[in-house]
Amino acid sequence: MILQTWESVDKIVRKDVIKPGCYSRKPTECSTCEIGIGTVNVINTSVEDLKEKFNSEILNGTNTKTFIIGEANCEIDYQIERAIQMMMVSETSVITIHPSLEGIDEPITIKCQVTLIKMELHKPIWEWTPEEKYSIASKYKQMGVQLFQECRYVDAFRRFSKACKILITLEPIPDLELDSKLESDINNLRLVLYNNMAGCQLNRKNYEYTISLCTKVLDKENNNVKALYRRGVAHGNLKDLEKAVDDLKIATALEPHNHTLKEQFLIYNKKLQEANQKFEDMVRRMFKT
């Protein structure tokens, strides 16, 4: 029996089958898909904005598109991928998306007709070797770095997070008895991903998450300058001046010629001294005879 309608649990994306496809395995992570895109209708935005404002590479005006599942770099494309992963080859469906997007006054709705023309199936993740998982996670990390450099912090965070989740499937790593270099590379990459996610959260002003992620790094590398800097700035923004100064002081000692570190240390150290002076003045007034 063909499932005519599928909707995600979070209600963000839905597909309604127009023409059933051939019974086959559905696309998995890293599968290459060729799709045909028919009519695209939008509410509360324009079709042009889907690419220009919201960075869609799938709904970019072309009628056919070849892409790899798992490599969507924006919210719209990510949701389209979710629907395509529920499609059969030769199936045509109307995909409806209610994406969570920044910079919009009203929620938008996107409807597009999509045909899964053909697919090159990739083996499921539980069949990937540790080397393959490391390679794909590294690729996702590089994609995230590019997005971070473009100041697309939400998209970059999703990319880093996806890479990290792949590596987590290798736990507990010592039980795998890997080559020492590969094990070291995996552990180092995971710390880089935590640090990069912290950078995204800091730019998003999510300071508690920044601190949590940086602490994961510093528990393994207590002299990691980037993590010390980011955690210090996050503490500072939460008005925890002592912890901010502690982290930034260590980071500055490790990189004394780093002007950004030194500037932030001086800012928060001055604020801490002022706060301490105010406290001392208050105590003095309280006990003044």
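Here are two short exercises on the cysteines and nonpolar cores of this structure, each with a worked solution.

The model is predicted, so local features need pLDDT of at least 70 and side-chain atom pairs count only at pLDDT 80 or more, while totals for chains, interfaces and linings use all residues. Residues are numbered from 1 along each chain as its sequence is written, and side-chain values use heavy atoms, with hydrogens and water left out.

**Exercise 1.** Find how many disulfides the whole structure holds, then state whether Cys74 is buried or exposed.

*Solution.* Start with the criterion: a disulfide is a pair of cysteine sulfur atoms within 2.5 Å. Searching the whole structure with it gives zero disulfides. Next, take Cys74: the nearest cysteine sulfur belongs to Cys112 and is 12 Å away. Finally, look at accessibility, where buried means under 20% relative accessible area, exposed over 50%, and partly exposed in between (1.4 Å probe, protein chains only). Cys74 has 1% relative accessibility, so Cys74 counts as buried. Cys112, also at 1%, counts as buried.

**Exercise 2.** Work out which helix gives the most to the largest nonpolar core, and list the contacts of Tyr194.

*Solution.* A nonpolar core is a set of buried Ala, Val, Leu, Ile, Met, Phe, Trp, Tyr and Cys residues joined through side-chain atoms within 4.5 Å. The largest one has 42 residues, and Tyr194 is one of those with the most contacts inside it. Helices are DSSP runs (H or I, at least four residues), numbered from the N terminus. Among the helices that each supply at least two residues are α3 (130-149) and α9 (259-286); α5 gives the most, with nine residues. Now turn to Tyr194: leaving aside neighbours within four places in sequence, Tyr194 is in contact (heavy atoms within 4.5 Å) with Cys164, Leu213, Lys216 and Val217. Apart from this core lies another of 28 residues, including Val13 and Ile80.
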